[in-house]
Amino acid sequence: MQHQKVLVLDFGGQYNQLIARRVRDLKVYCDLKPCDMTAEEIRAYDPIGIIFTGGPNSVYDENAPHIDKSVLALGIPVLGICYGAQLIAYTLGGKVEHATASEYGKRELRIEKDTPMSEGVPSKSICWMSHTDRIVDLPEGFDRLASTASCPVALYGSEEKKIYGIQFHPEVVHSEYGNKLLENFLYRVCGARGDWTMSGFVSEQIAHLKKKLAGGKVLLAMSGGVDSAVAAVLVHRAVGRNLTCVFVDHGLLRKYEAEEVMRVFRGELGMNLVKADAGERFLKKLEGVADPEAKRKIIGAEFIKVFEEEANKIGAVDFLVQGTIYPDVIESGKGKSAVIKSHHNVGGLPDVVDFKEIVEPLRDLFKDEVRRVGLELGLPEEVVWRQPFPGPGLAVRIMGEITRERLETVRDADYIFREEIAKAGLSRKIWQYFAAVTSCKTVGVQGDFRTYEEVIALRAVTSVDAMTADWARIPFEVLERVSNRITNEVKHANRVVYDITSKPPATIEWE
Ligand code: XMP
């Protein structure tokens, strides 16, 4: 089925993915594309509407991204947000002015003229502003539709041209009726039908995969993470046991994690899942290695070797399934990723598998959509809401050398932390939470004995995308219980500390 599509043109603002996610939540498919698309390319893409996002520039900056006037003459509805709104006004002959001070935070929005955009929006509500420049004169044919005390043009537009601009950020939750404005743009201005739903996606994808993969041999590397799990179940629904999943247990997983993967995917879902028990091999390779980057490289290389051996046992396959998701696609499109840590993902796998074609059934989905697809497919909540876990696993949560003993210590401490977070009902409120074994030993006293044991660090952060993070304000009582239990129940741990550093300057992981 052909979905209606909205084009979100990316002018570089920090909330741009969020705008695209909001549009998708409103059941309209959209793509986030670079802002230099030409009118011809846009026409070929055939969207029902275009959204210009915010961005860090002023329209007067030397290198500020601009658009060709012809884009605004295509007859396709356009909504500009923040920089996007200023750009439309400027391009069509309005006036944008540098303000001396930035306006930042919550403001009262007053609707001045009713249009389809403001249907259902009360005359006064709260909106969230973040800008320096502002629009002072509108182009001909455009009306001022709403303002705030310090921003004369907070919303403007032309009903006839179907072009609107919003100075504030409708996509953030602090804008009370922001979602309503986006909904109005999509449904009342662009004529959206709301044909993008996850149940629809599941049935369409299964039908598509059935056709595409018919009779072929299919292979997937299962990590236990959400993306590969959802991709696996989707493909399994389409081709059943023609799909083989290989799960490399590198021995650096959390407590009971490998067992859980086997129970759910092989036991409950009856999938053809092969587990490679490679823990010993990895431990041997890591003997005496303390440097974080060296650990990552060794684990990455060994992972590919083990996978290659398993793939060789299976022989040539027709399709290799990967759990690539939409943010991976967008970022690689921009070509910007600064490598701070050499992340080991399954990127090297295609080289070692004899296959004809790569299949990426989730490449159009945002993470929250992947989760909803997982739930549609009946995956258990623990799998769907699993917190991100680094490919090198516990190896980067043990500072310095990895030994069997230290692995046991970090595993047990981490398990207790996870149990207590779950009991306190905090699991979904925290992005990632885990225990790390520091390379520091301190003196303690247990009973009548002096001890000299490991310091366990607890790390818990809130985040939206792992690019930045803040330490989670976990109630002291929960931390107290975790600390008591770790020092009582975990071997070789006599002290617990809580990490109160944000990212930046720290990272989420300790290594
Ligand atoms: P940092 O520690 O850089 O982590 O703030 C950001 C996110 O990435 C995860 N992470 C990794 N994931 N391989 C991965 O697949 C890695 O080597 C790796 N290192 C960090 C981390 O858990 C967080 O979600």
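**Cysteines and an open sheet**

Okay, let's start with a cysteine: the sulfur of Cys30 sits 11 Å from the closest cysteine sulfur, the one in Cys190, so that is too far for a bond. Keep in mind that this is a predicted model. Cys30 is also buried, at a relative accessible area of 0%.

Now, what about Cys127? Its closest cysteine sulfur is in Cys151, 7.9 Å away, and that is again too far for a bond. For a disulfide we'd want the two sulfurs within 2.5 Å. Cys127 is buried too, with 0% relative accessibility. So how many disulfides do we get by this rule? The count is 0.

Right, on to the sheet. It's an open one with 5 strands, and the order goes β14-β13-β12-β15-β16, with parallel pairing. Which strands are at the edges? Those are β14, residues 272-277, and β16, residues 357-359, and each of them pairs on one side only. Going from one strand to the next, the twist averages 25 degrees.

Let's look at one pair. β15, which covers residues 319-321, runs parallel to β16, and the two share 3 bridges. If you want a spot to click on, take Phe319: its bridge partner in β16 is Glu357.

Then there are helices on this sheet. Helix α6, residues 226-239, lies across β12 (218-222), β13 (243-249) and β15, and it runs at about 155 degrees to β12. Helix α9, residues 292-314, packs on the sheet as well, where it touches β12, β13 and β14. The direction of α9 makes about 150 degrees with that of β13.

That's my tour, thanks.

Note on methods
Residues are numbered from 1 along each chain as its sequence is written. This is a predicted model: local features need pLDDT of at least 70, side-chain atom pairs count only at pLDDT 80 or more; totals for chains, interfaces and linings use all residues. Side-chain values use heavy atoms; hydrogens and water are left out. Buried means under 20% relative accessible area, exposed over 50%, partly exposed in between (1.4 Å probe, protein chains only). Two strands pair if DSSP finds at least two bridges between them. Helices (H or I, at least four residues) and strands (E, at least two) are DSSP runs, numbered from the N terminus. Axes are lines fitted to C-alpha atoms, for helices over the stretch in contact, and angles run from 0 to 180 degrees between N-to-C directions. Contact means heavy atoms within 4.5 Å.
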